[in-house]
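Biologist: I should like to go through this model with you, one feature at a time. Please give your reasoning before each result.

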Amino acid sequence: MNNTVIKKNKILFSRNEELVRITACGRNAVRFEAFPSGEEFDENFTLMPQKAECVITEEEGFVSLENGSVKLKLERNGKVTVYKNGCVILEEKPELTFNSGFRNYREKADGAWSARVTFEGREGERFYGLGHEASGCFDLKGCSFDLRHVNAKCTVPFIYSSLGYGFIWNNPAVGNAELSANRTRWSVERTEKLDWVLIGGTPKEVSETLADLTGHAPVMPHWATGFWQSRLRYETQEDLLEVARRYKRENVPLSAIVCDYFHWTEQGDYKFDPEYFPDVKAMSDELHKMGVKLIVSMWPTINENSENYRYMSDNGMLIRTVSGSDRVFDFYGPQAEIDVTNPETRKFVFSKLRANYIDSGVDALWFDEAEPEIHPERFDNLILHIGRGDEKGLLYPYFYSMMAYEGFKSISDDEPVTLTRCAYLGSQKFGALVWSGDIPSTFKSLSDQVMAGLNMSLCGIPWWNTDIGGFYGGDTQSGEFRELIVRWFQYGVFSPVMRLHGNRNRHGDKKRDVKEASGDPNEIWSFGGKNFEILKKLVLLRERLRPYIEKCMELASVKGYPVMRPMFFDYPDDENCYTLGSQYMFGSDILFAPIVNRGQSEKTVYLPEGSWILTKDGKRYTEGSYVIKAEIDEFIAFVKEGSDVLNAFND
């Protein structure tokens, strides 16, 4: 084609002022970039393209690039079609008659563009991924999703298709993903280019290439694989220590305890209030003697009362706004937000975190509000160091986790773990342990979280968890919540990280002379004597499972395989497994089917090929569907026959 330039491993194509660039960027992976201005430039965002040999073919009317099992064909009219092993798996859909109008742009006054690309809807195709959101859906086909971060919604713009490919939408702009029956459409409100990557292969093959392209997670350190205790909130140093001491007295292994918000002097000071936490070093020393790590919450919020505000404001370290005040979040007064996309901000803030927390024995950080949370939720009003919020805003949690990772790595070779409420493509390489945000304490929420976690697991971020019991609305004295906490705890055992947290409904007069009161107690002895014995046994089971979990975590680091994952990840040729959103594999040897409904004591479980052992009674099952009973003190888990992990279930 006359308007085509072919270089080594690259195709350039010009038409109607648009410039298209096609490259091979990894194993069985092709990358498509389109520049509406007609000017080529390099911008990978968080993507790390890999060198790959490819075959480029030019014939009358089209040009194609083939990399392994994947072939991208570009026609003279601009249409793109992608094949895997000779079969069409992705095909652009025209928006105009006469098979024209591929890719739609609208230029803005300042030179940026709104843009969208549309693909044909394919009958029978299923989609999974896009981060976590309590959508109530496992298969995302038929859904529409905003591409943005908010509390309890983390957008990681990657999907896996049942046709055998992964799709990276390599654009951190606010937008929308429409996965409907008649079309698949990706759109953004503000950008300078369209950019996507297609990876062909089974779920395992795609996960390996995705890890190569976005980064491999570290190997999770031993301490993080155990049981974490948290609540909203420990009001004093003695409150926190007494909880850890009781776990010790009860002979319940505790790996970490989390100190939540308002332990500080002022939002943006990044330090304990000495009135309530008079000797942080002594507190951390006592915890360490008990084998317990100390984790401390940090928010990106800051106000004029903070000792750091003036310096950060004067040196461009705060998020600015297009219009109005820079106080973008109101919580105990109007708050500005730190701009972690600025490397100077990251250096300055971590220096404060080190001086006030880490040097006193704090082991890890909890990055709350990591989207960042703003009210109203208008990313188009934010100005970051790296650009406008509506164009680059999804990158914020990526740089937030980078701040902790780089800071901790400058101190020690140990792998840091940062609990964070949001993430983006590549956050995993910074030790980001993502949790699903402030979710309600209901059985429906538990069901939603199971499916949300499975979708998140495919996005290259293997460290994920929920607040066991949900975050808000839980009444520790009600029968319904006491049933819920047990079922959620069972789910927590078979999650990458097992962390109890929540703001429990308060009972009685508990006013104390503190800045912010807490809810009811939220320890395993807080939900009745019968539940205490059940939950204690579950913590002990988690302890016995840790060697198995650590092997899974090592594989997650090396290969990119998620620890908890959909059934089809291990059984991609079994069509039934693409419909199972209420059971999953925990590593390659454990099949877990959580109870997620109130009053439920049995569940239908599908077993794929092989021989399976039901852990509660040792009975052997083969492929098929079975109704399995599980009373409140029982759960449903199967282990592959012959696996050593079965021994962990024998207490």
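Modeller: Two strands are taken to pair if DSSP finds at least two bridges between them. The model is predicted, and we may begin with a sheet to which that rule applies.

Biologist: In what order do the strands of the open sheet of 3 strands stand?

Modeller: Strands of a sheet pair through backbone hydrogen bonds, either parallel or antiparallel. In this open sheet of 3 strands the pairing is antiparallel. The order is β25-β29-β30.

Biologist: Which strands stand at the edges of that sheet, each with a single partner strand?

Modeller: An edge strand here has a single partner, so one of its sides is left without a neighbour in the sheet. The strands in that position are β25 (320-321) and β30 (387-388).

Biologist: Which residue of β30 does I383 stand opposite?

Modeller: Strand β29 covers residues 382-384 and pairs with β30 in the antiparallel sense over 2 bridges. Opposite I383, in β30, stands R388.

Biologist: Turning to the loop between β28 and β29, what is the omega of the cis peptide bond that joins E371 and P372?

Modeller: P372 lies in the loop between β28 (364-367) and β29. The bond joining E371 to P372 is cis, and its omega is about 0 degrees.

Biologist: Which residue does a cis peptide bond join to H375?

Modeller: The partner is also placed in the loop between β28 and β29. The cis bond has an omega of about -5 degrees, and the residue it joins to H375 is P376.

Biologist: Is E369 buried or exposed?

Modeller: E369 lies in the loop between β28 and β29, and its phi is near 55 degrees, a positive value in a residue other than glycine. The cut-off for burial is under 20% relative accessible area. At a relative accessible area of 4%, E369 is therefore buried.

Biologist: What is the phi of N9?

Modeller: N9 is found in the loop between β1 (4-7) and β2 (10-15). The residue is not glycine, yet its phi is positive, near 60 degrees.

Biologist: With which residues is T345 in contact, leaving aside its neighbours within four places in sequence?

Modeller: T345 is found in helix α5 (residues 343-356). Its relative accessibility is 0%, so T345 counts as buried. A polar atom of its side chain lies 3.5 Å from the backbone oxygen of M317. With sequence neighbours within four places left aside, the contacts of T345 are M312, M317, I338, D339 and V340.

Biologist: Which residue of β22 is the bridge partner of W228?

Modeller: Strand β21 (residues 227-229) pairs with β22 in the parallel sense over 2 bridges. Both faces of β22 (residues 256-259) are covered, with A256 and V258 buried on one side and I257 and C259 buried on the other. The bridge partner of W228 is A256.

Biologist: In the open sheet of 6 strands, which residue of β42 does L614 stand opposite?

Modeller: The order of this antiparallel sheet is β35-β36-β37-β42-β39-β40. Its edges are β35 (564-565) and β40 (620-621), each with a single partner strand, so one side of each is left without a neighbour in the sheet. Strand β39 (residues 612-614) pairs with β42 (residues 637-640) in the antiparallel sense over 3 bridges. Opposite L614, in β42, stands F638.

Biologist: Which helix gives the most to the lining of the largest pocket?

Modeller: The largest pocket holds about 420 Å³ of space. Its lining has 14 residues, and those nearest the centre are K537, D633, E634, F635 and D651. By class, the lining divides into 5 nonpolar, 2 polar and 7 charged residues. With 6 residues, the helix that gives the most is α10 (residues 529-559).

Biologist: Which element gives the most to the lining of the largest cavity?

Modeller: The count is 7 cavities of 30 Å³ or more, and the largest cavity has a volume of about 60 Å³. Its lining includes G129, H132, E133, M451 and N455, and the elements giving two or more residues are β13 (132-133) and α8 (443-457). The lining has 6 nonpolar, 5 polar and 1 charged residues. With 3 residues, the element that gives the most is α8.

Conventions. Residues numbered from 1 in each chain as written. Predicted model: local features only at pLDDT ≥ 70, side-chain atom pairs only at ≥ 80, totals over all residues. Heavy atoms only, no water. 1 Å grid on protein atoms, 1.4 Å probe; cavity = no way out; pocket = protein on both sides within 12 Å on 5 of 7 lines; lining within 4 Å. Points joined across faces, edges and corners; volume = space filled by probe spheres on them. Helix = DSSP H or I, 4+ residues; strand = E, 2+ residues; numbered from the N terminus. Nonpolar A, V, L, I, M, F, W, Y, C, P; charged D, E, K, R; others polar. Buried < 20%, exposed > 50% of the residue type's maximum accessible area, 1.4 Å probe, protein only. Polar contact = N/O pair within 3.5 Å; in protein donor to acceptor, adjacent residues only side chain to side chain. Contact = heavy atoms within 4.5 Å.
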